[in-house]
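The following exercises concern the structure shown below. Each task is followed by a solution in steps.

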Amino acid sequence: MGLRRAVIASEVALAVVLAVCAGLLIKSLWMLSQVNPGFRPEHILTVRVSPDDSLCRERPACNALYSELPRRVHSTSGVADVAATNAVPLEGYLPFVPAEVEGHPPDVTAHLAPLLWCGAITPGFFRILHIPLLEGRVFSEADTESSPPVIVVSAATAHRFWPNQNPLGKHIRAVWESRWRTVVGVAADVQQYHLAATRRSI
């Protein structure tokens, strides 16, 4: 009799634990459903392209590939628009680079430079994902290897480095680059890693 009571008590305790866990899971799912990812994923298909390493050994050849590929895909029946990127939002990956930021000299005592998450995109990326442009402009076909280098930063990056200032016309460059990239636009923040925490690209 005592064993039966113990079994019943353990079953009730287990049922209570499962009910609590289910409630917490439902609450977490509801909270995540209320998070604005910063973009609209509807009617978007992503395809991973992995060219042979030898093809992208030379930067001009690699740039030519990613310039030509969207043009060819765009001509496919049923495709409304196309863009390329090296980091899709919520993919859980975004490369980061040590950078120099105008007006923010690196800490010479610690030999440290700011680490900025930085993705590469082709024109049309913001339009396809419906990422709002807050200031300035986005990339265009006129932005090429031979034109002055430009960059579009997130709202969080602009606020971090140039609070209460106009970020347009400011400059950023990777530590290995010789030329500064001019900030030509500010885009709204995007949930890059997952919905529970925001990591913003520049």
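**Exercise 1.** Locate V47 and characterise its surroundings at the surface.

*Solution.* V47 is found in the loop that runs between α1 (2–33) and α2 (59–74); helices (H or I, at least four residues) and strands (E, at least two) are DSSP runs, numbered from the N terminus. The model is a predicted one, in which local features need pLDDT of at least 70 and side-chain atom pairs count only at pLDDT 80 or more, whereas totals for chains, interfaces and linings use all residues. Residues are numbered from 1 along each chain as its sequence is written, and side-chain values use heavy atoms, with hydrogens and water left out.

Next, the relative accessible area of V47 is 64%, so V47 is exposed (buried is under 20%, exposed over 50%, partly exposed in between; 1.4 Å probe, protein chains only). Finally, L45, V47 and V49 make a nonpolar surface patch of about 330 Å² (residues with over 30% relative accessible area and no salt bridge, nonpolar side chains being joined within 5 Å).

**Exercise 2.** Determine whether T122 is buried or exposed, and identify its contacts.

*Solution.* T122 belongs to the loop between β2 (115–117) and α3 (125–129). With a relative accessible area of 16%, T122 is buried. Not counting residues up to four places away in sequence, T122 touches Y66, A83 and A84 (contact means heavy atoms within 4.5 Å). The T122 side chain also reaches the backbone nitrogen of A84 at 2.7 Å.

**Exercise 3.** Analyse the salt bridges of E68 and of R127.

*Solution.* A salt bridge requires a side-chain nitrogen of Lys or Arg within 4 Å of a carboxyl oxygen of Asp or Glu; the whole structure holds 6 of them. E68 pairs with R71, with closest N and O atoms 3.3 Å apart, and with R72 at 3.1 Å. E68 and R71 are 3 residues apart in helix α2, and so are separated by about one helical turn; R72 and E68, 4 residues apart in that helix, are likewise separated by about one turn.

R127 bridges to D81 at 2.7 Å. Because R127 lies in helix α3 and D81 in the loop between α2 and β1 (96–101), this pair ties together parts 46 residues apart in sequence. R127 is exposed at 52%, while D81 is partly exposed at 29%. Salt bridges with shared partners join E68, R71 and R72 into one network.

**Exercise 4.** Assess the confidence of the protein chain.

*Solution.* The chain averages a pLDDT of 77, and 73% of the residues score at least 70 (pLDDT is the predictor's confidence in each residue, from 0 to 100). Confidence is lowest in α1, at a mean of 52, and highest in strand β6 (residues 181–187), at 95. Where pLDDT is low, the predicted coordinates should not be read in detail.

Terms used
Patches are made of residues with over 30% relative accessible area and no salt bridge: like charges are joined within 9 Å, nonpolar side chains (Val, Leu, Ile, Met, Phe, Trp, Tyr) within 5 Å. Accessible areas come from the Shrake-Rupley method with a 1.4 Å probe; for residues, only the protein chains shown count as cover. A polar contact is a pair of N or O atoms within 3.5 Å; within protein, one must be able to donate a hydrogen and the other to accept it, and residues adjacent in sequence count only if both atoms are side-chain atoms.
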